[in-house]
Structure formats: structure tokens, C-alpha cells
Amino acid sequence: MSNEAISEPEIDIREMAESGREVPDAQLYRVRIDGRVVRVDTAHPTGEILLSKIDKRPCAFELIAEFVHCDNDVIEPEEIVDLRQRGLKGFITAHKEIVTIFINKDPYKIERGDHTVAQILAKVGQNPDAYVLLEEKGGPPMPVPPNQRIEICGCEIFYSQPHSGGSSS
Amino acid sequence: MDYGKEQVEELKNYCRKLSTVTEGGVTYLYLEGLRLPPGCQPPECDALLCPEPKDGYPSRLYFSRQIQSPYTRNWNVSNARIVERNWFAFSWRVQLANPTLPQLLIAHLNGFAKER
């Protein structure tokens, strides 16, 4: 006969936190994020994994742990969370003010809101006179006219390339 | 002309349907429902990409209609009859050495997003 501990099949961490009980080892943890119930198959997910459970990414959102005693903790994307810690009742998210965008596959920090093409190209030391900015938005990369404003919410993907054409007349 | 599967697959991302048509010894890529850059009206239309020299240009992109774009363009081809359909093109010379098809298409679409 094995003397290994038998884990619970599924545990709701909020129920445990509110009843003041310790969270036992489980195969699945029922976790609330922004009020949505998701299931996590490890007691030690990263912040990024938890965000991904509600289709959010750290380039635009931060994850905040909520405890029954009313304290909140911001969880970094790479930070490992202990879902079994006493008092943890769930998570909420918040849209970041300083978000991350990707230009030529490299990450850059930028304030959320409207920006010009010139402001985005300036992140990579380029300008609209010599370079075209392409945005990948629900499809393949498309050139963005320099007179168009771009709304940055976080996680936008851009590419830049030198101008390669011009009007011949 | 064989452009390679990778190039063709990448080009397909820009349109609903991609095929080739040949007329007068010139092979065109027929891009049905080509997506156009932001600020263009309509946001998509059919297009013909000619990746070889034509009308004195190293390559050309023809549209099924004139497009309203953020910058005024010199539409110097109107109602050109190609494969039994009328096409329109603006004056735009792409200077790229050995571009792939997607690079060539983007370079032509850049014509809508560049002031001069």
C-alpha cells in the first residue's frame, strides 16, 4: 500500500481563503481572475501564465493578487505565484499606463494612448523621411501613413523598413 | 515563373484569393480582395501585381479601381484592359534589387503611405 499523499482533484482557492483553511495539494486549482473562473494545473504558475488564462498579456496588463485581508500585490510576469498561500482569494488585472510594443521584434516601452508614426519610429532611431512603419494588426504588416495617428494599447507589433519607392512624376 | 512556395504563402496573407494570369507573355499575380493600408478607401480591392518590367516601370501594381488614400497619387493608368478587365495604377517606381513577392507588394503599397 502506497503512503503517498492523495491530492484533491480540484480546489477553489477563494473558498479556501474565505473559510480560513489551508489550500491542500490539488490536481487543478479553481482561480478567479477579473471575476472569471479559470482552472490552473499547477500550484506555482507564473504571472504571465495566469494572465494568458484570460487572454491577456503582460505587454498591456498587469496582474494583481487579492487577499482576504484586503492587501493587494502586483505580480510580475515572470514571478512564480504560490496558489496555496493562505488568504489568496484571486486576481484582478489592470491596463498598464506604460505598455510594451514590439518594433522589428524587439520590445519597447511606451505610454498608452495616441502616437504619431514619427514617435514610434523614433524608438528605433528612425524617422518617416527615410523609413516606413508597418503595423501587423489582424493581418499581415501594412504600411502606416505618417499622417495617421496610431492608438497604442500595448502589445502592438511594428516593423520598419527603408523607403524603396517613389512617385516617378 | 516559379516564385517559391514560401513567397506565395506569405503573399496569400494579403488577399482573399491568389492566382496567376498570363497575357501577352506577361504573368500577373491576381490578388482578389487585396487589403490596403489604413486610411485607404475602400479598405480592400482586387489587384494585379506585375513583378516584371511594364510600361517603363520595373514592376507595377494595378487596382480594380482608383483608391482614395491619405496622400494624393498620380493615377497615370486608367481603364487599362488586362485579362478582360479594366485596371488603374498610380505612378510609383519601386527600387529594390531582387525583391521577394511580399517585399515587392509592400513596396508598392507603401505608395499609399508616403508623401512623395
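Contact here means that heavy atoms lie within 4.5 Å. The structure is a predicted model, and the exercises below work through its chains.

**Exercise 1. The interface**

Find how many residues each chain gives to the contact, and which elements of chain A touch chain B.

Solution.
1. Apply the contact rule: chain A contributes 22 residues and chain B contributes 25 residues.
2. Take the buried area next. Chain A and chain B bury about 1,900 Å² between them, and 55% of this is on carbon and sulfur atoms.
3. Look for charged pairs and polar pairs. Zero salt bridges are found across the interface of chain A and chain B, while six residue pairs are in polar contact, both residues being at pLDDT 80 or more.
4. Assign the chain A side to elements. Those giving two or more residues to it are β10, β11 and β14 (165–166) of chain A. Of these, β11(A) gives the most, with four residues.

**Exercise 2. The pairing of β10 and β11**

State in which sense strands β10 and β11 of chain A pair, and over how many bridges.

Solution.
1. Locate the strands: β10 covers residues 131–136 of chain A and β11 covers residues 141–144 of chain A.
2. Read the pairing: the sense is antiparallel, and there are four bridges.
3. Pick out one opposed pair: A:L134 is across from A:P143 in β11(A).
4. Examine the connection. The two strands make a hairpin with four residues between them, and A:G138 in the turn has a positive phi of about 65 degrees.

**Exercise 3. The cysteines**

Determine which cysteines of chain A form a disulfide, and decide whether B:C40 is in one.

Solution.
1. Recall the chemistry: a disulfide is a covalent bond between the sulfur atoms of two cysteines.
2. Test chain A with the cut-off of 2.5 Å. The sulfur atoms of A:C59 and A:C155 are 1.9 Å apart, so this pair is within 2.5 Å and forms a disulfide.
3. Describe the link: it is right-handed, with 100 degrees about the S-S bond.
4. Place its ends. A:C59 is in the loop between α2 (47–52) and β4 (61–67) of chain A, and A:C155 is in the loop between β12 (150–152) and β13 (157–162), 96 residues apart.
5. Check accessibility. A:C59 has a relative accessible area of 6% and is buried; A:C155, at 14%, is buried too.
6. Turn to chain B. The cysteine sulfur nearest to that of B:C40 belongs to B:C45 and is 8.9 Å away, so B:C40 is in no disulfide.
7. Finish with the count: one disulfide over all chains.

Definitions and conventions
Residues are numbered from 1 along each chain as its sequence is written. Chains are lettered from A and ligands numbered from 1 in the order in which they are written. This is a predicted model: local features need pLDDT of at least 70, side-chain atom pairs count only at pLDDT 80 or more; totals for chains, interfaces and linings use all residues. Side-chain values use heavy atoms; hydrogens and water are left out. Two strands pair if DSSP finds at least two bridges between them. Buried means under 20% relative accessible area, exposed over 50%, partly exposed in between (1.4 Å probe, protein chains only). Buried area is the accessible area (1.4 Å probe) that two parts lose on being put together, summed over both. A salt bridge is a side-chain nitrogen of Lys or Arg within 4 Å of a carboxyl oxygen of Asp or Glu. A polar contact is a pair of N or O atoms within 3.5 Å; within protein, one must be able to donate a hydrogen and the other to accept it, and residues adjacent in sequence count only if both atoms are side-chain atoms.
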